[in-house]
Amino acid sequence: MEKSGGFAEKAYQIIKADITNGKLRPGELLVESRFSKQIHISRTPVRAALQRLVCEGLAQTDANKSVRVTNVTEEDIEQITQVRRELETLAVRLFRDRATPEKIAGLRALCQRECALVSAPSIDYLALIEVDYQLHTALAEMTGNRFLWETMKRIKTSSNRFLILSGTMEKYGALGVKEHDEFVSFLEKGRFDYAELAIRNHVVKIGERILI
């Protein structure tokens with residue numbers, strides 16, 4: 001049982017990564033036998049992994065009971081922007097009472113990693129998106145609210161997929177990093193009201209850029 005669970009987790013992480021980074025495109029069929037051969041495991045843990053992805057909204061079951069990568073619509077982007085706007089504002093509000101110089105320094109370090117990535121001669125956009133994910137989910141984790149943290153991880157995974165599919169990071173990645181820097185600067189100065197506004201505006205702008 002434990003071994004089977006480990007295989008299912010492995011399959012889940014591999015398939016999820018391929019969906020998130022755009023290797024598996026919207027509408028693409030997810031075939032158990034294909035992943036079984038690719039990952040060198042039986043079909044049972046692959047099936048469990050696909051079911052988990054369906055539950056998370058990254059995949060869906062069609063009329064023929066086949067599993068496909070979920071399509072992305074403008075409505076999806078608008079709705080996830082609405083949810084992120086409220087959750088990330090809440091994260092800053094909750095973080096205010098738990099903030100320490102060490103925690104804020106951790107967020108600053110992630111900003112510095114982003115700056116290094118966008119300053120490189122050839123930008124690794126997948127790496128940039130990963131650090132972006134770490135920054136937003138780290139803030140949620142630092143609130144001490146595990147439900148907020150778990151929700152943010154799921155939502156940010158979908159949001160990152162939208163960023164990749166839309167090519168938003170190639171066009172606006174440096175601008176997003178600048179907005180992160182401004183947000184963390186407000187935290188460093190103890191100006192949490194401004195930080196709330198900054199993260200809220202950042203999320204709204206991300207949605208607008210993806211729709212463009």
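A residue is called exposed when its relative accessible area is over 50%, buried when that area is under 20%, and partly exposed in between. In this predicted model, K65 is therefore exposed, because its relative accessible area is 73%. K65 is placed in the loop between β1 (59-61) and β2 (67-69), and its phi is near 65°, a positive value in a residue other than glycine. H40, located in the loop between α2 and α3, likewise has a phi near 65°, which is positive although the residue is not glycine. With a relative accessible area of 70%, H40 is exposed.

The two helices that flank this second loop were examined as a pair. Packed helices in general are described by the angle between their axes together with the distance between those axes. For helix α2 (residues 32-39) and helix α3 (residues 43-55), the axes come within 9 Å and cross at roughly 115°, and the crossing is right-handed. On the α2 side the contact is made by E32, S33, F35 and S36, which meet R43, V46, R47 and L50 of α3. By class, the residues of this contact divide into three nonpolar, two polar and three charged.

Helix α8 spans residues 168-188 and has 21 residues, reaching 28 Å from its first C-alpha to its last, which is close to the 30 Å expected at 1.5 Å a residue. The helix nevertheless contains a kink of about 40°, centred on A174. Buried positions in α8 comprise T168, M169, G173, G176, V177, E179, H180, F183, V184, S185, F186 and L187, a list in which the charged residue E179 appears beside nonpolar residues such as V177 and F183. An α-helix has 3.6 residues a turn, so residues three or four places apart point the same way. The buried residues of α8 pack against α4 (74-95), α5 (101-119), α6 (125-142), α7 (146-166) and α9 (192-211). After α8 comes G190, whose phi is positive, near 75°.

Within α8, D181 is partly exposed, because its relative accessible area of 30% falls between the limits for buried and exposed residues. When residues up to four places away in sequence are not counted, D181 touches R108 and C111. The C-alpha atoms of D181 and Q112 are 8.5 Å apart in space, while the two residues are 69 residues apart in sequence.

F95, by contrast, lies in helix α4 and counts as buried, because its relative accessibility is 0%. Leaving aside residues up to four places away in sequence, F95 touches K103, I104, L139, M142, T143, L187 and F192. Among these contacts, L187 is itself one of the buried residues of α8. F95 and M142 are separated by 47 residues in sequence, yet their C-alpha atoms are 6.4 Å apart in space.

E9 is placed in helix α1 (residues 2-20), and at 31% relative accessibility this residue counts as partly exposed. Between the C-alpha atoms of E9 and L148, which are 139 residues apart along the chain, the separation is 22 Å.

Note on methods. Residues numbered from 1 in each chain as written. Predicted model: local features only at pLDDT ≥ 70, side-chain atom pairs only at ≥ 80, totals over all residues. Heavy atoms only, no water. Axes fitted to C-alpha atoms, helices over the stretch in contact; angles between N-to-C directions. Helix = DSSP H or I, 4+ residues; strand = E, 2+ residues; numbered from the N terminus. Left-handed = near helix turned anticlockwise from the far one by under 90°. Contact = heavy atoms within 4.5 Å. Expected span 1.5 Å × (residues − 1). Bend = angle between axes of the 7 residues up to and from the residue. Buried < 20%, exposed > 50% of the residue type's maximum accessible area, 1.4 Å probe, protein only.
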